[in-house]
Protein chains: 2
Amino acid sequence: MTGLVIWFTGLSGAGKSTVAEIVGRELDARGAAVEYLDGDVVRTHLSKGLGFSREDRDTNIERIGWVASRLARHGATVLVSAISPYAATRAKARAMVEEHAAFVEVHVATSLEECERRDVKGLYEQARNGELPEFTGVHDPYEEPEAPELRLETEGRTPEESAAAVLAKLDELQAVRA
Amino acid sequence: MTGLVIWFTGLSGAGKSTVAEIVGRELDARGAAVEYLDGDVVRTHLSKGLGFSREDRDTNIERIGWVASRLARHGATVLVSAISPYAATRAKARAMVEEHAAFVEVHVATSLEECERRDVKGLYEQARNGELPEFTGVHDPYEEPEAPELRLETEGRTPEESAAAVLAKLDELQAVRA
């Protein structure tokens with residue numbers, strides 16, 4: 001099995017993890033060795049103590065990129081869900097991965113307005129109240145990918161429909177090979 | 001290929017990385033998907049900013065254990081070289097790995113006297129001079145493994161002979177399986 005990293009980037013609440021999980025289940029059913037690196041989970045295992053300054057965010061993303069590249073090198077299909085707001089840092093992650101495996105960047109392009117309207121975890125409210133500093137989209141920038149493999153529009157689509165769009169793109173790119 | 005983690009623990013300068021590299025070359029020649037997680041290298045990629053307090057050392061080792069477990073789950077043969085001085089933390093790493101793969105602990109049992117005599121990197125001298133604090137064996141404890149899969153005596157042996165002893169143990173354990 002050839003390794004692959006599918007990197008979901010987008011605002012908090014955009015639906016990255018939800019879509020990644022549905023895509024992962026389907027790839028698992030197709031026989032891929034699926035591994036999830038979720039930004040929040042990884043912060044427990046890899047990046048305890050890091051905050052949300054640009055430097056700490058970059059360290060976190062480079063670390064995820066490094067682990068993803070190691071895993072993909074051994075044939076894993078790695079689904080990364082991480083805000084990863086800075087283009088330069090995403091490019092570094094891509095470069096590390098592409099030494100060993102394919103990299104598919106999926107911009108989960110849910111708008112700030114929609115993420116804030118959903119506010120599933122109540123984080124946007126906390127950010128607006130000043131209880132959460134350095135919040136992407138509120139205080140900190142999100143640099144939109146200029147040339148992602150897929151710009152995923154999620155509004156007016158179910159998560160399953162969004163996942164289907166990702167799978168269609170993977171098929172088109174012939175990214176998943178046994 | 002079934003995953004495997006070979007965990008080399010021992011004092012600074014004991015010969016962990018040297019032996020791990022020779023073992024890794026041989027396993028690579030046998031067709032294993034070899035990955036190295038060297039304590040010093042990992043500190044760049046995974047643990048920048050961590051120091052050498054017990055807490056920081058434990059965080060570093062748990063992080064290595066987590067990454068090793070992920071890699072082994074995908075069939076990699078992971079060679080870890082890390083002082084990993086605390087028994088409880090090594091046990092945590094073992095538990096994480098054994099959810100997915102075999103774990104072989106190799107205690108590279110070069111004595112403190114011999115490590116200090118060699119002092120390849122000049123670190124013991126710096127530690128004795130007070131230039132390096134929290135140095136294992138000088139200021140900080142090294143808890144010897146009570147029941148490692150292999151206690152490797154290196155004194156009076158070439159690194160190649162030490163590596164041969166590790167490979168013989170792996171064969172005995174039937175740890176490397178295609």
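Student: How are H1(A) and H7(A) oriented with respect to each other?

Tutor: This is a predicted model, in which local features need pLDDT of at least 70 and side-chain atom pairs count only at pLDDT 80 or more, while totals for chains, interfaces and linings use all residues. Residues are numbered from 1 along each chain as its sequence is written, chains are lettered from A and ligands numbered from 1 in the order in which they are written, and side-chain values use heavy atoms, with hydrogens and water left out. Helix H1 (residues 16-29) and helix H7 (residues 159-173) of chain A pack at about 55° with their axes 9 Å apart (axes are lines fitted to C-alpha atoms, for helices over the stretch in contact, and angles run from 0 to 180 degrees between N-to-C directions). Angles under 35 degrees count as roughly parallel, over 145 as roughly antiparallel, 65 to 115 as roughly perpendicular and the rest as oblique, and H1(A) and H7(A) are therefore oblique.

Student: How many residues in the contact of H1(A) with H7(A) are nonpolar?

Tutor: H1(A) and H7(A) cross in the right-handed sense, and their contact (heavy atoms within 4.5 Å) includes A:Ile22 and A:Leu27 of H1(A) and A:Val166 and A:Leu170 of H7(A). By class, two residues of this contact are polar, two are charged and the nonpolar ones number nine.

Student: Which residues of H4(A) make the contact with H3(A)?

Tutor: The axes of helix H3 (residues 54-73) and helix H4 (residues 87-98) of chain A come within 8 Å and cross at roughly 20°, which makes H3(A) roughly parallel to H4(A). Among the residues that H3(A) brings to the contact are A:Arg54, A:Asp58 and A:Trp66, and the residues from H4(A) are A:Ala88, A:Thr89, A:Lys92, A:Ala93, A:Met96 and A:Val97.

Student: Which strands are the edge strands of the sheet of chain A?

Tutor: Helices (H or I, at least four residues) and strands (E, at least two) are DSSP runs, numbered from the N terminus, and five strands of chain A form an open sheet in the order S2-S3-S1-S4-S5 with parallel pairing. Two strands pair if DSSP finds at least two bridges between them, and the edge strands of chain A, each pairing on one side only, are S2 (34-38) and S5 (150-152).

Student: Which residue in S3(A) stands opposite A:Trp7?

Tutor: Strand S1 (residues 4-9) and strand S3 (residues 77-81) of chain A pair in the parallel sense over five bridges. Within S3(A), the residue opposite A:Trp7 is A:Val80.

Student: At what angle does H7(A) run to S5(A)?

Tutor: Two helices of chain A can be placed on the strands, and H4(A) lies across S1 and S4 (102-108), running at about 150° to S4(A). H7(A) lies across S1, S4 and S5 of chain A, and the angle to S5(A) is about 170°.

Student: Which residue in S4(B) is the bridge partner of B:Val5?

Tutor: In chain B, strand S1 (residues 4-9) and strand S4 (residues 102-108) run parallel and are joined by six bridges. The partner of B:Val5 in S4(B) is B:Phe103.

Student: Which residue of chain B comes closest to the rotation axis?

Tutor: Chain B superposes on chain A (RMSD 0.0 Å) by a rotation of 180° with 0.0 Å of shift along its axis, which is the relation of a two-fold axis. With a C-alpha distance of 2.9 Å, the chain B residue closest to this axis is B:Leu71.

Conventions
Copies are superposed by least squares on the C-alpha atoms of residues with pLDDT of at least 70 in both. A crossing is left-handed if the near helix is turned anticlockwise from the far one by less than a right angle, and right-handed if clockwise. Ala, Val, Leu, Ile, Met, Phe, Trp, Tyr, Cys and Pro count as nonpolar, Asp, Glu, Lys and Arg as charged, and the others, Gly among them, as polar.
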